[in-house]
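Trainee: I should like to request a close look at a single part of this model. Please treat its overall form, its interior and its contacts in one connected account.

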Amino acid sequence: MTFERDARTALADGQLRGALRHATTLFGERRRAALATVPDWEGARDRARAIKDETLAHLDRYLEEFTANAERAGARVHWARDATEACDIIGEIAEQRGARTVVKSKSMASEEIHLNAALARRGIEPVETDLGEYIVQLAGETPSHIVVPAIHKTKAQIGALFADKLGIAPSDDVATLTAAARAALRRRFAEADLGISGVNFAVAETGTILILENEGNARLTTSLPRTHVALMGIEKVIPRFADLDVFLQLLPRSGTGQVLTAYQSLLTGTKRTPEDEGPEELHIVVLDNGRSRMLASAVTRQSLACIRCGACLNACPVYRQIGGHAYGSVYPGPIGAVLSPQLFGLARSAALPYASSLCGACRDVCPVKIDIPALLLHLRAQVVAHRVGEPRVLERLAFWIYAAVMVRPRLFEWVMHAVRRLRIMPPLGAWTKWRDLRPLAPQSFREQWRAGLRDEGDVDA
Amino acid sequence: MRVSLFVTCLVDQLWPAAAVGAVDVLRRLGCAVEFDQRQTCCGQPAFNTGYRPAARALARRQIEIFESSAVDAIVSPSGSCTAMVRHYDQLFDDASWRARARAVAERTYELSSFLVNRLGVEDVGASFFGRLTWHDACHGLRDLGIRHEPRRLLRRVTGAELVELPNAEACCGFGGTFAVKYPEISVAMLDEKVDAIERAGVDAVVSGDASCLMQIGGRLSRRGSAVRAMHLAEVLASRP
């Protein structure tokens, strides 16, 4: 019942809802304006999805190709079956290099494996350098959006947070706040022993990783420290360098409504000569953590096509009301309701597939055409078939009765007649607390049909 | 043209005026309307809540009932239930059932789409004096791609003035069992819709699904609003 409780808390938070309404509306408008600049948006979506489908059908082959080419360029590729293995691999790399401070650019995969806590347990301090992530880390919170981690916060709240944590004069001026964060973060970059980043795309044919960002912090993270660790899910690989073309059209437009992000870092291996910029060591950690399970069927496989743009969060009317934290997962919103049960187990997230009105707005905006409503329905069927989560005793009984009645038209009619005659009120407090309940019509359509409507159409009558 | 009415259980029991209106409009346009009284529910509540065996049993019934009639089209005053029929093939592993499901789905139309796209009619001879706004029900809009059809029909209604809501395409928060599983979220979504309807200064909000109309109408009346919730077929059946 955590989802229900946390959603209720969110609904009672006026500041949160104001911030969400403002931000999701703005991102929706920017997205629409940005995709108007692409002559064939639908065609681009189809091409991107076809590339993802092709990759996922031969994922083993493309991952091996990526690994071979990345290692040829000087990177080391590590394979992590789950979160623990990934945290251990990264923790040991950091420890072996005597790292005390680690700078991080934005990575949802690192949130997924709870890397910061794992590093802290080893006495290593992780510092988030993406402004939104930095805000969330200072506040001791978790991101509430996969692209805009601090979307739930107002300027005033961030001003108060910075006054408290950074000792600046309270302000809600964006430039002042950004400058304060920049000054604090520059110091941390200078002292960092290791940089950890995520990966947006990993190109199999060249061994290149691509990181998109707007603040330059990812570029510093991946070039200033002597060692760079890049963490990627197995689904990030794409076959060819030329495939980036379509994804670079889709991702920034869908995510932030930008034609292109301010920075695109294409990183292939380590520096080759001492005069080159960049790290001496590049470690790429390839994470499974439940993803390969999704390859099993066509309906679940499409979950791995996700490029983490966040457009479905901005478009979702449920997310718009409650924000990300209520979902209780690093991946909130519609795609989170689909990914979380598959990654972390249906039992832990059985409520999430039901946290949707199935309106389909997410499917419409998805740049890779993931049929999120179909996935939600698939997961709901799994919840019911495997009796996961709450017992649903009354719901099962209700649907058993419903099915028994609905396959018998005469019984259906008799039941509805009895409900009308005896004025039986169904126990629908969850409806009637906020909404008037429309009463049954005095005469059903089928009764009116028999009572004369049928014959009115008879021209001869 | 011979048409079989797929009334839907909700319209049958709660909003029969929509079906009566649909029959009236279809007959006015020269269609012979049949109604098979064996039909009950298309199975959508079960399908959407995860009860696939129940949904499959009802889908089989619906397919058997509607494939037995030799009509030219099956017409429904619901985009949502029409979309459910379009989803039937996913419920079956068996190729012959999938083919039968698709054959029925291909003949099933939502009312406004049938009138505009199949009959080629926009002016059905209706008259309704007042300001109206259209709420796009999600499944009609996004599963069936119905956007212009109801608006074209409403613009040709004598005396009616159609105004657009800024959030016409946003979900009203019904979502079947969602509306009672998470009523607070459902109503938060609903209130954005109802606020916009009240700001629009309309006499009625019109939609193509009785489910959304129950949700929107239920909140409007709870808030003491004078705005009526009306099914498209009721407006189209209005005569001077």
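What radius of gyration does chain B have, and how does that value stand against a compact globule of 240 residues?

Mentor: The model is a predicted one, and the values below are computed from it. Chain B has a radius of gyration of 17 Å. For 240 residues, a compact globule would come near 18 Å, so the value of chain B agrees with that expectation. Along the principal axes, the C-alpha atoms of chain B fill a box of roughly 50 × 45 × 25 Å. Within chain B, 61% of the 240 residues are buried. Of the contacts in chain B with a separation of 6 or more, 78% join residues 24 or more positions apart. The secondary structure of chain B consists of 13 helices and 8 strands.

The division into domains comes next. Chain B is assigned a domain 1 covering 2–117 and a domain 2 covering 122–236. The C-alpha centres of these two domains of chain B are 22 Å apart. Their contact draws 28 residues from domain 1 of chain B and 26 residues from domain 2 of chain B. On the side of domain 1 of chain B that touches domain 2 of chain B, the elements giving two or more residues are helix 1 (9–14), helix 2 (16–28), helix 3 (44–49), helix 5 (79–87) and helix 7 of chain B. By class, that side of domain 1 of chain B holds 15 nonpolar, 10 polar and 3 charged residues.

Helix 9 of chain B, residues 148–155, permits a view at the level of individual residues. Its buried residues are B:Glu149, B:Pro150, B:Leu153 and B:Leu154. These residues lie on the same side of helix 9 of chain B because they cover an arc of only 125° around the axis. As a general point, an α-helix has 3.6 residues a turn, so residues three or four places apart point the same way. The partners against which the buried residues of helix 9 of chain B pack are helix 7 (111–118), strand 5 (127–135), strand 6 (158–163), strand 7 (204–207) and helix 13 (232–236) of chain B. Helix 7 of chain B thus appears in two settings: it is packed against by the buried residues of helix 9 of chain B, and it gives two or more residues to the side of domain 1 of chain B that touches domain 2 of chain B.

There remains the contact between the chains. It takes 55 residues from chain B and 50 residues from chain A. On the side of chain B that touches chain A, helix 12 (residues 210–222) of chain B gives the most, with 7 residues. That side of chain B comprises 32 nonpolar, 12 polar and 11 charged residues.

Chain A, the partner in that contact, has its own domain assignment, with domain 1 at 38–292 and domain 2 at 404–456. The centres of these two domains of chain A, taken over C-alpha atoms, are separated by 57 Å. Two loop residues of chain A also merit attention for their backbone angles. A:Leu358, in the loop between helix 16 (333–344) and helix 17 (361–365) of chain A, has a positive phi near 60° although it is not glycine. A:Leu358 has 25 other C-beta atoms within 10 Å, and therefore counts as buried. A:Arg308, in the loop between helix 13 (298–301) and helix 14 (311–315) of chain A, likewise has a positive phi, near 55°, in a residue other than glycine. A:Arg308 has 19 C-beta neighbours inside 10 Å and is therefore partly exposed, since a residue is buried if 20 or more other C-beta atoms lie within that distance.

Key:
Residues numbered from 1 in each chain as written. Chains lettered and ligands numbered in written order. Predicted model: local features only at pLDDT ≥ 70, side-chain atom pairs only at ≥ 80, totals over all residues. Contact = placed C-beta atoms within 7 Å. Helix = DSSP H or I, 4+ residues; strand = E, 2+ residues; numbered from the N terminus. Nonpolar A, V, L, I, M, F, W, Y, C, P; charged D, E, K, R; others polar. Domains from an automatic or database assignment. Rg over C-alpha atoms; globule rule 2.2 N^0.38 Å. Buried ≥ 20, exposed ≤ 12 C-beta atoms within 10 Å, placed from the backbone. Arc of directions from axis to C-beta.
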